[in-house]
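Visitor: I would like to take a close look at a single part of this structure, slowly and with its surroundings explained. Could you be my guide?

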Amino acid sequence: MSDMTHGLLNMKPITLGMEVCDINLNEPVSDEIVEEIKKAVHKHRILVFKNQGVISGDRHVEISRWFGEPESTFYKHPKSPHPDVFRVSNDEDEGCRGVGRTGWHIDGSFMEKPFSYALYHMVAVPKKGDTVFVPLNEVICSLSPETRAKWERLYMVSDRRMAIVHPLIYPHPVTGLPTLCFHLGMTEGFVYDHGSENQRLASIPEVRQILGEILKEIVKDNRRLVYAHKWDVGDFIISDNLSVGHEASEESQYKRSEVGLRVLHRVTVEGKWKPEKNMTRNVQV
Ligand SMILES: O=C(O)CCC(=O)C(=O)O
Ligand SMILES: [Fe+2]
């Protein structure tokens, strides 16, 4: 059942986000529709376009330019169709393995300005191999007052050389809704009350406890908040990277010989905003 109440876009709700119907991304999309898509990404966090056939690397990058400059910080696999397309696979001859498996995260948390959007296109689907997403505002809103108060004081320190520090909770730069900047597999530590006179580095056991607590909050109540996207070949997903956490499911790494080939193309769009506690809202994307 589709719902026509979304302006120019024909969309139907899915567990997290919206499926956008009647758009062929391989054909030119009018400026008006692009504007609607950009608004819808912030409102719904994830937009799923089904049955898109084969989206070439050039077209994938062209679509990502609706949102800003594509930015690639990753290893370039020889089979990638474009230097800005990250090719992920369960077969190392086909793409990079083990991507997104160190823990729940947003992409680019190690950068001063984490990636703003991620655009995924599924090229080959194995029997099992979901990507799992979680809406971060809902995670925050479901915290107990004690946990929320603690998280509000925390800042993550990335494990990369630059040791970038980001507030764990901050207002999303476009919607203003509280969101998380985090990476459960690439965090060196946490600082309490960063920049204040009470600033204190969390101890190693505390860091472990905090990372475990974030995981527990994401998957609590039998993964009530989690949306597992079961891919079909030709799916195209646009996500507001700052408002959803994600990871590749364990099954995504199962061997090609057991479950078949998995190939996912991903383009990330440069970060435009440095997460800050007192962020001003940006109407323009
Ligand atoms: O392979 C996947 O399902 C997602 C991997 C991931 O985290 C990413 O591409 O950013
Ligand atoms: Fe990722």
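Visitor: Which residues of strand 17 lie on one side and which on the other, and are they buried or exposed?

Guide: Before turning to the strand itself, please keep in mind that this is a predicted model. Strand 17 has two faces, with Val263, His265, Val267 and Val269 on one side and Leu264, Arg266 and Thr268 on the other, and the residues on both faces are all buried. Put as a count, 7 of its 7 residues are buried. The way the residues take turns along the strand fits a general pattern. In a regular strand the side chains alternate between the two faces of the sheet.

Let us now look at the partners of this strand. Strand 5, which covers residues 86–89, pairs with strand 17 in the antiparallel sense over 4 bridges, and within this pairing Arg87 has His265 as its bridge partner. Strand 6, made of residues 117–124, also runs antiparallel to strand 17 and is joined to it by 7 bridges; here Ala124 stands opposite Val263. His265 and Val263, the two residues of strand 17 just named as partners, both belong to the side that also holds Val267 and Val269.

The strand also takes part in the surroundings of a ligand. The residues around ligand 1 include Leu264 and Arg266, which both lie on the side of strand 17 that also carries Thr268. Others around ligand 1 are Val88, Val99, Gly100, Asp107, Thr131, His246, Glu247, Ala248 and Ser252. By character, the shell divides into 4 nonpolar, 4 polar and 3 charged residues. Strand 17, residues 263–269, and strand 16, residues 244–248, each supply at least two residues of this shell, and the largest share, 3 residues, comes from strand 16.

Since strand 16 meets the same ligand, it is worth following into its own sheet. This is an open sheet of 3 strands in the order 14-7-16, paired antiparallel. Strand 14, residues 227–229, and strand 16 stand at its edges with a single partner strand each, so one side of each is left without a neighbour in the sheet. Neighbouring strands of this sheet are turned by 25° against each other on average, if direction is ignored. Strand 7, residues 131–135, is joined to strand 16 by 5 bridges, and one of the pairs is formed by Pro135 and its bridge partner Val244 in strand 16.

Pro135 leads us on to a loop, where it is among the residues in contact with Leu225, together with Val134, Glu138, Val139, Ser142 and Ile218, when neighbours within four places in sequence are left aside. Leu225 lies between helix 5, residues 204–223, and strand 14, and it counts as buried because it has 20 C-beta neighbours inside 10 Å.

Finally, we can step back to the protein chain as a whole, which contains 6 helices and 17 strands. Of its 285 residues, 39% count as buried. Among the contacts with a separation of 6 or more, 77% are between residues 24 or more positions apart. The C-alpha trace spans about 55 × 45 × 35 Å along its principal axes. The radius of gyration is 19 Å, which agrees with the value near 19 Å that a compact globule of 285 residues would have.

Conventions: Residues numbered from 1 in each chain as written. Chains lettered and ligands numbered in written order. Predicted model: local features only at pLDDT ≥ 70, side-chain atom pairs only at ≥ 80, totals over all residues. Near = placed C-beta within 6 Å. Nonpolar A, V, L, I, M, F, W, Y, C, P; charged D, E, K, R; others polar. Pairing = 2+ DSSP bridges. Axes fitted to C-alpha atoms, helices over the stretch in contact; angles between N-to-C directions. Rg over C-alpha atoms; globule rule 2.2 N^0.38 Å. Buried ≥ 20, exposed ≤ 12 C-beta atoms within 10 Å, placed from the backbone. Contact = placed C-beta atoms within 7 Å.
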